[in-house]
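Me: I am new to this structure and would like to go through it by question and answer. Please show the sequence and the model before we begin.

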Amino acid sequence: MLPSNLQNLTFGLMFDQGLEGVILPSNLRSLEFGEMFNQSLDGVALPSNLKDLEFGAAFNQDQERVTLPSSLQSLTFGAKFNQSLERVTLPSSLQSLTFGDSFNQSLQRATLPSSLQSLTFGAKFNQSLEGVTLPQSLQDLT
């Protein structure tokens, strides 16, 4: 059992275990997965106060059925992530969204939150932004 007052949780390089049935502490603010993690978060209850979520290089799982907490401010996907965001609900509090080098999906049917301030794409991104509504709050686009 994880301590209830835990605020930051970082998994090591080789960690690649499912989190089904694991109760993450409600005070958790930051959750970072190591380089080898590539497990689905379907059915995993992410804490409602989580602000930062970061996935390592190997992560490449569909996010359609994952419930991201409404408090989330920063979401980072690692090098191999290349999944559509078409049916993914990004929280309205999200300020920073970062994709790794392999991401190359259209954002035409994705809904970017109006709070987004920073949007970063990796080396292989090669999609038109025509028809994509970028939030007025966006300050950094890379």
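Me: Leaving out residues up to four places away in sequence, which residues does Ser71 touch?
Reply: The model is a predicted one. Ser71 sits in the loop that runs between strand S3 (52-54) and S4. Residues up to four places away in sequence being left out, the residues touched by Ser71 are Ser48, Asn49, Leu50, Lys51 and Ser93.

Me: Which backbone oxygen does the side chain of Ser71 reach at 2.6 Å?
Reply: The side chain of Ser71 reaches the backbone oxygen of Ser48 at 2.7 Å. At 2.6 Å, the backbone oxygen reached by this side chain is that of Leu50.

Me: Is Ser71 buried or exposed?
Reply: The relative accessible area of Ser71 is 15%. Buried means a value under 20%. Ser71 is therefore classed as buried.

Me: What is the order of the strands in the sheet?
Reply: The sheet is open and has 7 strands. Their pairing is parallel. The order is S1-S2-S3-S4-S5-S6-S7.

Me: Which strands stand at the edges?
Reply: A strand at the edge has a single partner strand, so one of its sides is left without a neighbour in the sheet. The strands in this position are S1 and strand S7 (140-141).

Me: How many bridges join strand S4 to strand S5?
Reply: Strand S4 covers residues 74-76 and strand S5 covers residues 96-98. The two strands run parallel. The number of bridges that join them is 3.

Me: What is the bridge partner of Leu75 in S5?
Reply: Leu75 has its place in strand S4. Among its contacts, with neighbours within four places in sequence set aside, are Leu53, Phe55, Leu90 and Leu97. Its bridge partner in S5 is Leu97.

Me: Does Leu75 count as buried or exposed?
Reply: The relative accessibility of Leu75 is 1%. The class of buried residues takes in values under 20%. Leu75 therefore counts as buried.

Me: Which residues does Ser118 touch, not counting residues up to four places away in sequence?
Reply: Ser118 is found in strand S6. Ser118 is buried, its relative accessible area being 17%. With residues up to four places away in sequence not counted, Ser118 touches Gln95, Ser96, Leu97, Leu138 and Asp140.

Me: Which residue forms a salt bridge with Asp42?
Reply: A search of the whole structure gives 1 salt bridge. In the salt bridge of Asp42, the closest N and O atoms are 3.3 Å apart. The partner of Asp42 is Arg65.

Me: How many residues apart in sequence are the parts that this pair ties together?
Reply: Asp42 is in the loop between S2 and S3, while Arg65 is in the loop between S3 and S4. The pair therefore ties together parts whose separation in sequence is 23 residues.

Me: Is Arg65 buried or exposed?
Reply: Asp42 is partly exposed, with a relative accessible area of 25%. For Arg65, the relative accessibility is 56%. The class of exposed residues needs a value over 50%. Arg65 therefore counts as exposed.

Me: What accessible area do Leu13, Met14 and Met36 have together?
Reply: Leu13 has its place in the loop between strand S1 (8-10) and strand S2 (30-32). With a relative accessibility of 52%, Leu13 counts as exposed. Leu13, Met14 and Met36 form a nonpolar patch on the surface, and their accessible area together is about 330 Å².

Me: How far apart in space, C-alpha to C-alpha, are Ala110 and Leu13?
Reply: Ala110 lies in the loop between S5 and strand S6 (118-120). Ala110 is buried, with a relative accessible area of 15%. In sequence, Ala110 and Leu13 are 97 residues apart. In space, C-alpha to C-alpha, the separation of Ala110 and Leu13 is 31 Å.

Me: How far apart in space, C-alpha to C-alpha, are Gln7 and Leu28?
Reply: Gln7 lies in the segment before S1. Residues up to four places away in sequence not being counted, Gln7 touches Asn27, Leu28, Arg29 and Ser30. Gln7 and Leu28 are 21 residues apart in sequence, and their C-alpha to C-alpha distance in space is 4.0 Å.

Terms used: Residues numbered from 1 in each chain as written. Predicted model: local features only at pLDDT ≥ 70, side-chain atom pairs only at ≥ 80, totals over all residues. Heavy atoms only, no water. Patch = residues over 30% accessible without salt bridge, like charges linked within 9 Å, V, L, I, M, F, W, Y side chains within 5 Å. Areas by Shrake-Rupley, 256 points an atom, 1.4 Å probe, with all protein chains shown as cover. Salt bridge = Lys/Arg side-chain N within 4 Å of Asp/Glu carboxyl O. Helix = DSSP H or I, 4+ residues; strand = E, 2+ residues; numbered from the N terminus. Buried < 20%, exposed > 50% of the residue type's maximum accessible area, 1.4 Å probe, protein only. Pairing = 2+ DSSP bridges. Polar contact = N/O pair within 3.5 Å; in protein donor to acceptor, adjacent residues only side chain to side chain. Contact = heavy atoms within 4.5 Å.
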